Amino acid sequence: METELVISRSGFPPLSARGCMQELVPLALGQFRRTVNGDLVFLGTQGKKYKSTISCEDKTIIATDNLDIGGIVDVSCIQRLWQRCERNRVTLDRLPAEGSVYVIDRQHSPLSIISIDGRDIFIDSDQPCFVSYRPLLTMRIVRYVLKTDEWGIKTGWQMDLEEV
């Protein structure tokens, strides 16, 4: 396996996705404004949606036959998210990619997971801990770029996405 990254409706030919980089950036779901007193306030909804840029330079490019600008894909991210857990149960902000959840205590020791039910994680401990996972995000393709360095025998690709 060359990467943990999975993009539905696409594929990674051999040597097309080694060493990928992913950036997740929270989107502002509203606007910042100043009051008459000069205080900064946020006019919008609470919550989080992400935009993402995934890039890779390898020997070939991603399969693009089913990738359309504006198309919706499910992305099993390579970027990990962390959440605090105060008791033996936590509800994750997003669905986790399969096999990506792990839990550690404050001393960095791994803790056992009793079960995973969607976004709910049940842990075999009541002590405060941290849960890490790779999110599974439903995203819209904003753009993608393919590039080739003919003389350097290198290729690469980049994809910009936003969570729906």
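Here are a few exercises with worked solutions on the structure above, which is a predicted model.

**Exercise 1. Work out the strand order of the open sheet of 3 strands, and say which strands stand at the edges.**

Step 1: Start with the order. The open sheet runs E8-E12-E11, and the pairing is antiparallel.

Step 2: Count partners. Strand E8 (89-91) and strand E11 (113-117) each have a single partner strand, so they stand at the edges, with one side of each left without a neighbour in the sheet.

Step 3: Check the twist. On average, neighbouring strands of this sheet are turned by 15 degrees against each other, direction ignored.

Step 4: Zoom in on one pairing. E8 and strand E12 (residues 120-123) run antiparallel and are joined by 3 bridges. Here Arg-89 stands opposite Phe-122 in E12.

**Exercise 2. Locate Ile-116 and decide how exposed it is.**

Step 1: Ile-116 sits in strand E11.

Step 2: Its relative accessibility is 45%, so Ile-116 counts as partly exposed; the cut-off for exposed is over 50%.

Step 3: Now look for contacts, skipping neighbours within four places in sequence. That leaves Val-101 and Ile-121 for Ile-116.

Step 4: Finish with a distance. Ile-116 and Arg-89 are 27 residues apart in sequence, and 9.9 Å separates them C-alpha to C-alpha.

**Exercise 3. Find which residues of the largest nonpolar core touch the most other members, then follow Val-75 outwards.**

Step 1: The largest nonpolar core has 31 residues, and the ones touching the most other members are Val-75, Ile-123, Val-131, Trp-157, Met-159 and Leu-161.

Step 2: Ask which strands feed this core. At least two residues each come from strand E5 (50-58), strand E6 (72-76), strand E7 (81-85), E12, strand E13 (129-133), strand E14 (136-149) and strand E15 (154-163).

Step 3: Pick Val-75 and set aside its neighbours within four places in sequence. Its contacts include Leu-5, Val-6, Ile-54, Met-139 and Leu-161, plus the polar-sounding entry Gln-22.

Step 4: For background, nonpolar side chains in soluble globular proteins tend to be buried together.

**Exercise 4. Is Gln-83 buried or exposed, and what does its side chain meet?**

Step 1: Place it first: Gln-83 lies in strand E7.

Step 2: With 12% relative accessibility, Gln-83 counts as buried, since the cut-off is under 20%.

Step 3: Look at the polar end. A polar atom of the Gln-83 side chain lies 3.2 Å from the backbone oxygen of Thr-91.

Step 4: Beyond four places in sequence, Gln-83 is in contact with several residues, among them Val-90, Thr-91, Asp-93, Phe-130 and Tyr-133.

**Exercise 5. Classify two of the aromatic pairs and say which strands they tie together.**

Step 1: The structure holds 3 aromatic pairs. Phe-32 and Phe-42 form a tilted one, at 5.0 Å centre to centre with 55 degrees between the planes.

Step 2: Phe-32 is in strand E3 (residues 30-34) and Phe-42 in strand E4 (residues 40-44), so the pair ties together parts that are 10 residues apart in sequence.

Step 3: Check accessibility. Phe-32 is exposed at 52%, while Phe-42 is partly exposed at 29%.

Step 4: Trp-82 and Tyr-102 make an edge-to-face pair, 5.8 Å centre to centre and 90 degrees between the planes. Trp-82 lies in strand E7 and Tyr-102 in strand E9 (residues 102-105), so this pair ties together parts 20 residues apart in sequence.

Methods
Residues numbered from 1 in each chain as written. Predicted model: local features only at pLDDT ≥ 70, side-chain atom pairs only at ≥ 80, totals over all residues. Heavy atoms only, no water. Pairing = 2+ DSSP bridges. Helix = DSSP H or I, 4+ residues; strand = E, 2+ residues; numbered from the N terminus. Axes fitted to C-alpha atoms, helices over the stretch in contact; angles between N-to-C directions. Core = buried A, V, L, I, M, F, W, Y, C linked by side-chain atoms within 4.5 Å. Buried < 20%, exposed > 50% of the residue type's maximum accessible area, 1.4 Å probe, protein only. Contact = heavy atoms within 4.5 Å. Polar contact = N/O pair within 3.5 Å; in protein donor to acceptor, adjacent residues only side chain to side chain. Phe/Tyr/Trp six-rings, centres within 6.5 Å; stacked < 30°, edge-to-face > 60°.
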